[in-house]
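Biologist: Before we discuss this protein, I should like each descriptive term justified. Please show me the structure, and then let us take the terms one by one.

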Amino acid sequence: MKGNFEFRTRKSNRSLWVIECINPNCSWRLRASKIVPESTKFVIRKYVGVHSCSLLNRNANHRQATYVVIGEQVAPQYVGVEKGPGPKGVQTFARTELGAQISYYKAWRGRKHAHTLIRGSPEQSFHVLPSYFHMLEKLNPGTVTRIEVDGESRFKYLFLAFGVAIRGFRYMRKVVGIDGTFLKGQYRGVLLVATVQDGNGQCYPLAWGIVDSENEDAWSWFLTQLKEIIGDTDELALISDRAPSIKKAISTVFEKAHHGACAWHVAQNIKNKFKCADIMGSYWSAVNAYRCEDFTGYMIEISNRYPRVAEYLENEVGFEKWSRCHYPGLRYNITTTNMVESLNSMLVNARDFPYVALLDVIQEKMSKWWNDRRIVATAITTPLTPSRESELRPRFAQSNGRHTSQLNPITYHVKGGELEGVVDIFNKTCTCKEFDIDKLPCVHAVAAAHHAQVSVYNLVSPYYTKEYYLC
């Protein structure tokens, strides 16, 4: 093939293979037969390796350069990587390595065949899925897997939660982001993800699912499996976009948990529906306001300029869904589903893989994440995680010069700065509301702790501690 000489098959059966140059007057030929009749291996019996035909017989559009041959040759370049060369890269490979000029379509088919050789076909993936899940459960204690089939025993949904993620959930803030992303393989589907944030503010994937589409039945099934591993309590918050199927499924499956809307998705809806990108500064200030007084001020700004936007946010979305200060449960500083979006971005190259190959990528990445974070956590020398320590330390400097007076054994009035605060160090609250919502001492709480000669670390939520981060 590299010499651009084509050949034709003169004879081919179960025991003999004879090929010769496409020019009948050329001496080039190869004859191979089975080693022994019962063997599956062939041995070359005769080979004339020199072409006696004219160079005019050379053809860069080699008839033997089929997509199967191209795929077999380029397949090693897809081992151990998620992406590998695209169709144009396969064309370059065929030209430089095989001396063949192939079309973009043949390169695309060759790439697809190489993927099948390395990662298996979608049909093979469906076939091995039950045994794959069985091995996951055996090798990862506590792992939960589910497969749902239809009335004709055809695949419908799957659910996967690794045991280590389930065990670690008790040490995470109970704010779960959920979202879905479209898969691009032969049978399409949607990848559903439920994730939380660890004490260092990093994604902590909790559960994965694959369904046919983002409809109410699919979401209800996925959330029912999720509920079995995380429970349903008042402390639990579920954050998602405002898709009707998700909203209805959450309200049906979770009776006690609170549902919040992703503030970023709400912002996108505002820009698309009302064409008012210039109001986004006031909107995000309202989203992040800790006190209702501040929130009201920002909403007045929005209402004065875009009354319809203010009406949409209050009546159609609901303040309690997107506003930090109005949220009825514990949402901490998590206002968006960015933690889920980052996972979707991480898997962008694997979304066209067969399902088992996709799950392999997820397992590999999760294992690496957990191992890397354990190494980081072990090396921490402070009581808190690095990100929370970096948040807290500037507040020590800001608390200097604040005037603190004790009102009763547990309550302190802190003056100075732009805003005063009354801190209850026993119930861990402050009138600025930052301490109440984030569960990390505000500057007033730091000043009060110093005045009361109490370690400020005793006022921090255990979710931000090194101890929890290691679990």
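Modeller: What follows is a set of questions and answers on a predicted model.

Biologist: Let us begin with Arg-291. Why is Arg-291 called buried?

Modeller: The relative accessible area of Arg-291 is 17%, and buried means under 20%, so Arg-291 is buried. Arg-291 is found in the loop between α9 (280-288) and α10 (292-305). Beyond residues up to four places away in sequence, Arg-291 touches Cys-325, Leu-419, Thr-431, Cys-432 and Lys-433.

Biologist: What makes the pairing of Arg-291 and Asp-294 a polar contact?

Modeller: The side chains of Arg-291 and Asp-294 are joined at 3.1 Å, and the cut-off for such a pair of N or O atoms is 3.5 Å. The value lies within that limit, so the pair counts as a polar contact.

Biologist: Lys-433 is among the residues that Arg-291 touches. Why is Lys-433 called partly exposed?

Modeller: Lys-433 has a relative accessible area of 38%. Partly exposed covers the range between the limits of 20% and 50%, so Lys-433 is partly exposed. Lys-433 has its place in the loop between β15 (429-430) and α16 (434-438).

Biologist: What makes the phi of Lys-433 worth a remark?

Modeller: The phi of Lys-433 is positive, at about 75 degrees, although Lys-433 is not a glycine. Most residues other than glycine have a negative phi. Arg-188 is not a glycine either, and has a positive phi of about 55 degrees. Arg-188 is placed in the loop between β7 (175-182) and β8 (190-197).

Biologist: Let us turn to the loop between α13 (338-346) and α14, where Phe-353 lies. How do you know that Phe-353 is buried?

Modeller: Phe-353 has 4% relative accessibility, and the limit for buried is under 20%, so Phe-353 counts as buried. Setting aside residues up to four places away in sequence, Phe-353 touches Glu-82, Arg-119, Leu-358 and Val-361.

Biologist: Arg-351 is also in the loop between α13 and α14. Why does Arg-351 count as buried?

Modeller: Its relative accessibility is 17%; buried means under 20%, so Arg-351 meets the criterion. The contacts of Arg-351, not counting residues up to four places away in sequence, are with Thr-181, Phe-182, Leu-183, Lys-184, Gly-185 and Asn-344.

Biologist: How do you know that the side chain of Arg-351 reaches the backbone oxygen of Phe-182?

Modeller: The distance from the side chain of Arg-351 to that oxygen is 2.8 Å. A polar contact requires the atoms to be within 3.5 Å, so this value satisfies the distance limit.

Biologist: Which residues lie nearest the centre of the second largest pocket?

Modeller: Those residues are Val-81, Arg-119, Phe-353, Val-361 and Glu-364, out of a lining of 13. About 300 Å³ of space lies in this second largest pocket. The largest share of its lining, five residues, comes from α14. By class, the lining has seven nonpolar, one polar and five charged residues.

Biologist: And what lines the largest pocket?

Modeller: The largest pocket holds about 610 Å³ of space. It is lined by 27 residues, with Lys-112, His-115, Gly-185, Gln-186 and Asp-352 the closest to its centre. The largest share of this lining, eight residues, comes from α3. The lining divides into 10 nonpolar, eight polar and nine charged residues.

Biologist: How many disulfides does a search of the whole structure find?

Modeller: The search finds zero disulfides.

Biologist: Why is Cys-203 not bonded to Cys-262?

Modeller: The sulfur of Cys-262 is the closest cysteine sulfur to that of Cys-203, yet the two are 13 Å apart. A disulfide needs the sulfur atoms within 2.5 Å, so this pair is too far for a bond. Cys-203 has 13% relative accessibility and therefore counts as buried.

Biologist: What makes Cys-471 too far for a bond?

Modeller: Its closest cysteine sulfur, in Cys-203, is 20 Å away. The limit is 2.5 Å, so no disulfide can be assigned to this pair. Cys-471 has a relative accessible area of 39%, and is therefore partly exposed.

Notes
Residues numbered from 1 in each chain as written. Predicted model: local features only at pLDDT ≥ 70, side-chain atom pairs only at ≥ 80, totals over all residues. Heavy atoms only, no water. Helix = DSSP H or I, 4+ residues; strand = E, 2+ residues; numbered from the N terminus. Buried < 20%, exposed > 50% of the residue type's maximum accessible area, 1.4 Å probe, protein only. Polar contact = N/O pair within 3.5 Å; in protein donor to acceptor, adjacent residues only side chain to side chain. Contact = heavy atoms within 4.5 Å. 1 Å grid on protein atoms, 1.4 Å probe; cavity = no way out; pocket = protein on both sides within 12 Å on 5 of 7 lines; lining within 4 Å. Points joined across faces, edges and corners; volume = space filled by probe spheres on them. Nonpolar A, V, L, I, M, F, W, Y, C, P; charged D, E, K, R; others polar.
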